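This report goes with the sequence and the 3D structure shown below. Keep both in view while reading.

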Amino acid sequence: MSLPLAGVRVLELGRVFAAPWCGQMLGDLGAEVIKVEAIEGDPMRIIGTGQIRDAKGEPTGERSVFAAVNRNKKSINLDLTHPAGADLVRRLAAKSDVFIENFKVGDLARRGLGYDDIRAVNPDIVYLSLTGYGQAGPYAARPGMDNIVQGLSGYVSMTGEADGAPQASPVSIMDFSAGMHAAVGIVAALYGRKANGTGGQHIDLSLLDSGLALVGYKLIAALMEGEQPERGAKIRGYIPSGVFPTADGWVQITVANDGDWAKFCPAAERTDWLTHPRFKDRWLRTEHQDEMLAEFETLTRTRTTADWVTRLSAAGVMAGAVLNLNEAARDPHIVERQSILTVPHDAGGTVPTVRNPIRYSRTPLDAYASPPLLGADSSAVLGDILGLTEEEIAGLRAEGALGKAAA
């Protein structure tokens with residue numbers, strides 16, 4: 001059976017993380033995604049510690065960050081500042097369903113590629129603009145980046161140790177949150193266009209708005225009570241919960257309520273805590289959390305991580321090992337579910353990829369094509385979709401509007 005978005009064509013002018021992540025999600029779901037890159041390519045091609053290697057094991061110059069968010073796409077590289085390059089984009093947009101861009105506000109409009117320009121050639125286009133701060137507002141013209149938005153959204157104010165400095169997440173959570181919101185917005189707009197005949201529309205999505213949605217449940221509580229959450233993982237009423245030292249590493253334990261406490265204490269061989277005058281219920285444990293957590297850490301150090309996870313899981317208490325990334329990839333549950341795959345790369349070697357987390361029963365997402373080599377699909381895209389001849393394509397390359405395919 002066809003994948004859900006089969007027959008949908010996406011023109012992605014996306015760079016770095018958020019917009020390419022959105023494009024990859026749509027590509028995984030079956031859309032034809034044409035990634036329009038600059039002549040020299042998306043800057044993420046050369047970012048990341050992991051190197052893409054060819055069939056002989058030699059490094060290709062491309063790296064892990066691009067590979068992580070650009071599978072299931074075709075690549076065409078051209079010069080948007082060249083009139084002929086911009087015209088190619090307009091012509092491709094006229095034959096597409098979705099247009100994705102994450103340029104600064106106004107950049108594409110100056111090149112005749114803004115929403116009004118694209119709508120003029122395709123009134124049904126779903127056009128996504130993904131920026132740091134949105135199309136309007138005092139910050140609209142500012143450059144935006146994930147870690148800056150982590151701070152502006154209030155997220156960073158809650159992270160790090162209680163007595164230390166705020167810490168941004170090392171994972172680009174604002175980018176990926178925005179990319180997922182973007183994919184949902186696009187799919188919904190496509191559904192509305194088909195089901196209700198509403199036509200195309202412009203989606204204005206910002207990292208900051210997405211970030212506020214991400215911290216929304218904390219933000220709403222702060223507005224209602226006028227209190228800033230304490231920095232760190234401690235949550236009122238969820239004591240003890242967090243990361244704790246063990247005899248050989250770390251374990252994450254969550255005692256969500258007094259029912260969990262009643263299960264934890266026997267499993268930990270500390271039934272005396274069930275009637276302890278300062279520990280017996282969640283609010284007492286919260287009130288006396290410094291004493292509680294000090295004793296708790298002394299206890300967790302007495303057993304290995306595996307021992308704690310086994311005994312607490314058997315008792316119905318949430319617990320899990322704290323794994324590094326390579327350990328996570330080897331975890332038996334992750335291995336059995338084939339959540340991480342190795343796929344052939346067009347450079348000749350292979351590349352690991354994280355499986356799309358959506359598991360359909362009738363149309364499994366089991367096609368994972370290599371992230372494209374730079375400009376590898378330019379000739380095919382321009383020939384198949386726009387009907388350009390080899391001579392016309394060669395002419396565009398000669399005048400600098402179209403880049404050469406990667407060797």
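The text goes from the whole chain to its helices, its salt bridges, its surface and its backbone.

**The whole chain**

The structure is a predicted model. The protein chain contains 16 helices and 13 strands. Its C-alpha trace spans about 85 × 50 × 40 Å along the principal axes. Of the 407 residues in the protein chain, 44% count as buried.

One pair of residues gives a sense of distance within the chain. Gly 400 and Asn 257 are 143 residues apart along the chain, and their C-alpha atoms are separated by 65 Å. Gly 400 belongs to the segment after α16 (390-398). With a relative accessible area of 31%, Gly 400 is partly exposed, because a residue counts as buried under 20% and as exposed over 50%.

**A covered helix**

Helix α1 covers residues 18-28, and eleven of its eleven residues are buried. Among them are Trp 21, Cys 22, Met 25 and Leu 26. The buried residues of α1 also include Gln 24 and Asp 28. Just after α1 comes Gly 30, with a positive phi of about 110 degrees.

**Helices that cross**

How do α3 and α15 cross? Helix α3 (residues 83-93) and helix α15 (residues 378-386) have axes that come within 11 Å and cross at roughly 50 degrees. This angle makes α3 oblique to α15. The crossing of α3 past α15 is left-handed.

Helix α15 also crosses α16. The axes of α15 and α16 come within 10 Å, at a crossing angle of roughly 130 degrees. These two helices are therefore oblique to each other. The crossing of α15 and α16 is right-handed.

**Salt bridges**

How many salt bridges does a search of the whole structure find? It finds 19. The table gives three of the pairs.

| Residue with N | Residue with O | Closest N to O |
|---|---|---|
| Arg 71 | Asp 28 | 2.7 Å |
| Arg 193 | Asp 97 | 2.9 Å |
| Arg 311 | Glu 269 | 4.0 Å |

The side chains of Arg 71 and Asp 28 meet in a salt bridge. Arg 71 is in the loop between α2 (64-69) and β5 (74-77), while Asp 28 is in helix α1, so this pair ties together parts that are 43 residues apart in sequence. Both Arg 71 and Asp 28 are buried.

A salt bridge also joins Arg 193 and Asp 97. Arg 193 sits in helix α6 (residues 173-196) and Asp 97 in the loop between α3 and β6 (98-101), so the pair links parts that are 96 residues apart in sequence. Asp 97 has 17% relative accessibility and therefore counts as buried.

In the third pair, Arg 311 forms a salt bridge with Glu 269. Arg 311 lies in helix α12 (residues 305-315) and Glu 269 in the loop between α9 (258-267) and α10 (282-287), so parts that are 42 residues apart in sequence are tied together. Arg 311 is partly exposed, at a relative accessible area of 23%. Glu 269 is exposed, at 55%.

Salt bridges that share partners also join Glu 12, Lys 35, Asp 42 and Lys 73 into one network.

**A nonpolar patch on the surface**

Which residues make the nonpolar surface patch of about 380 Å²? They are Tyr 139, Met 145, Ile 148 and Leu 152. Leu 152 is part of helix α5 (residues 146-152). The relative accessibility of Leu 152 is 39%, and Leu 152 therefore counts as partly exposed.

**Backbone angles and a cis bond**

Most residues other than glycine have a negative phi, and most peptide bonds are trans. Some places in this model can be read against that rule.

Glu 269, already met in a salt bridge with Arg 311, is not a glycine but has a positive phi of about 60 degrees. Gln 338, also a residue other than glycine, has a positive phi near 50 degrees. Gln 338 is in the loop between α14 (332-336) and β12 (340-344). With a relative accessible area of 46%, Gln 338 is partly exposed.

Where is the cis peptide bond with omega near 5 degrees? This bond runs from Ile 239 to Pro 240. Pro 240 is found in the loop between α8 (216-225) and β9 (241-245).

Technical notes:
Residues numbered from 1 in each chain as written. Predicted model: local features only at pLDDT ≥ 70, side-chain atom pairs only at ≥ 80, totals over all residues. Heavy atoms only, no water. Patch = residues over 30% accessible without salt bridge, like charges linked within 9 Å, V, L, I, M, F, W, Y side chains within 5 Å. Areas by Shrake-Rupley, 256 points an atom, 1.4 Å probe, with all protein chains shown as cover. Helix = DSSP H or I, 4+ residues; strand = E, 2+ residues; numbered from the N terminus. Buried < 20%, exposed > 50% of the residue type's maximum accessible area, 1.4 Å probe, protein only. Axes fitted to C-alpha atoms, helices over the stretch in contact; angles between N-to-C directions. Parallel < 35°, antiparallel > 145°, perpendicular 65-115°, else oblique. Left-handed = near helix turned anticlockwise from the far one by under 90°.
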